[in-house]
Amino acid sequence: KVLDDAPHAKIGIEEDNINGEIHEKSMDHWTRVDPQPLIGGDGLPAEKSLGPRRRRVRPVLDPDAYAVVIGIERYRQKGLPVVDFAARDAQVVHDYLVGAMGFDEKNVILLQNEQATKSDMEKNLGPWLSNRVTPKSRVFVYYAGHGAPDPANGEAFLIPYEGDPSYTEITAYPLKRLYKTLAGLPSKDVM
């Protein structure tokens, strides 16, 4: 039963048929309640769970949602410090987009460590996005890794796997190029 029919957020109630409790839940247009069996608050099936019970929620698949997720923990360049957990964080973001936010797996590019080369970043943050995004698309870009300014002029760069912060102009990806590309996409929903 829906209590508030605002289009951006709905609050509803659901009766738990196992123990008769009534729970308030939040709903939005990105998710739907799956008529699968109830699960407990600890993620176990309801019959094995000691926690509160709720229904699994699956995202509504959005074929017009695109993402580029980059996590570079280790770099080829000796002397660059490790970016703790960057690759794992990128994997978690990827899994969340696909598992909870309705992004189609084929529309989410995941580049980790040695996969995140300058050419891969240029391709996926440039023409790969530009050739797919429409006015109704959602776009999400995530980067975890090193950045560095150009030593000559202070311009900001993202450092790819094989990049060298001492030679950013030829080995790194310019942040202003990313901003220009994202601003030029027809989508108004860019994160």
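I began with Trp-128, which I find buried in this predicted model, its relative accessible area being 11%. Tracing its surroundings, I searched the whole structure for aromatic pairs and found 1. In that pair the rings of Tyr-66 and Trp-128 have centres 6.0 Å apart and planes at 80°, so I record the geometry as edge-to-face, the angle being over 60 degrees. Tyr-66 belongs to strand β5 (residues 65-71) and Trp-128 to helix α2, so the pair ties together parts that are 62 residues apart in sequence. I then looked up the cover of the partner, and Tyr-66 also counts as buried, because its relative accessibility is 9% and the cut-off is under 20%.

Next I turned to the helix that carries Trp-128. With 13 residues (118-130), α2 should span 18 Å at 1.5 Å a residue, and I read 17 Å between its end C-alpha atoms, which agrees. I did note a kink of about 30° at Asn-124, a position shortly before the proline Pro-127. Listing the buried residues of α2, I wrote down Lys-118, Met-121, Asn-124, Leu-125, Gly-126, Trp-128 and Leu-129; the kink position Asn-124 is thus itself on the buried list.

I followed the chain out of α2 into the loop that leads to β7 (138-144), where Pro-135 has its place. Is Pro-135 buried or exposed? I find it exposed, since its relative accessible area is 67% and the limit for that class is over 50%. Setting aside neighbours within four places in sequence, I still see Pro-135 in contact with Pro-186, Ser-187 and Lys-188. I also checked Leu-185, which is 50 residues from Pro-135 in sequence, and the C-alpha to C-alpha distance of these two is 8.1 Å.

Going back to β5, I looked up its pairing with β6 and found the two strands parallel, joined over 5 bridges. Within this pairing Val-69 stands opposite Leu-110 in β6. Strand β6 (residues 108-112) is mostly covered, with 4 of its 5 residues buried. I took Gln-112, in strand β6, as a separate entry: its relative accessible area is 18%, so this residue falls under the 20% limit and counts as buried. Beyond four places in sequence, I list Gly-71, Ala-87 and Gln-91 as the contacts of Gln-112.

I then examined an open sheet of 3 strands, whose order is β8-β9-β10 and whose pairing is antiparallel. The edges are β8 (147-149) and β10 (173-174), each having a single partner strand, so one side of each is left without a neighbour in the sheet. Between β8 and strand β9 (residues 156-158) I count 3 bridges, running antiparallel, and opposite Gly-147 I find Leu-158 in β9.

Last, I noted the totals for the protein. The secondary structure comes to 4 helices and 11 strands, and of the 191 residues 41% count as buried. Among contacts with a separation of 6 or more, I find that residues 24 or more positions apart account for 53%. The accessible surface I have down as about 11100 Å², with 54% of it belonging to carbon and sulfur atoms.

Notes
Residues numbered from 1 in each chain as written. Predicted model: local features only at pLDDT ≥ 70, side-chain atom pairs only at ≥ 80, totals over all residues. Heavy atoms only, no water. Expected span 1.5 Å × (residues − 1). Bend = angle between axes of the 7 residues up to and from the residue. Buried < 20%, exposed > 50% of the residue type's maximum accessible area, 1.4 Å probe, protein only. Contact = heavy atoms within 4.5 Å. Areas by Shrake-Rupley, 256 points an atom, 1.4 Å probe, with all protein chains shown as cover. Pairing = 2+ DSSP bridges. Phe/Tyr/Trp six-rings, centres within 6.5 Å; stacked < 30°, edge-to-face > 60°.
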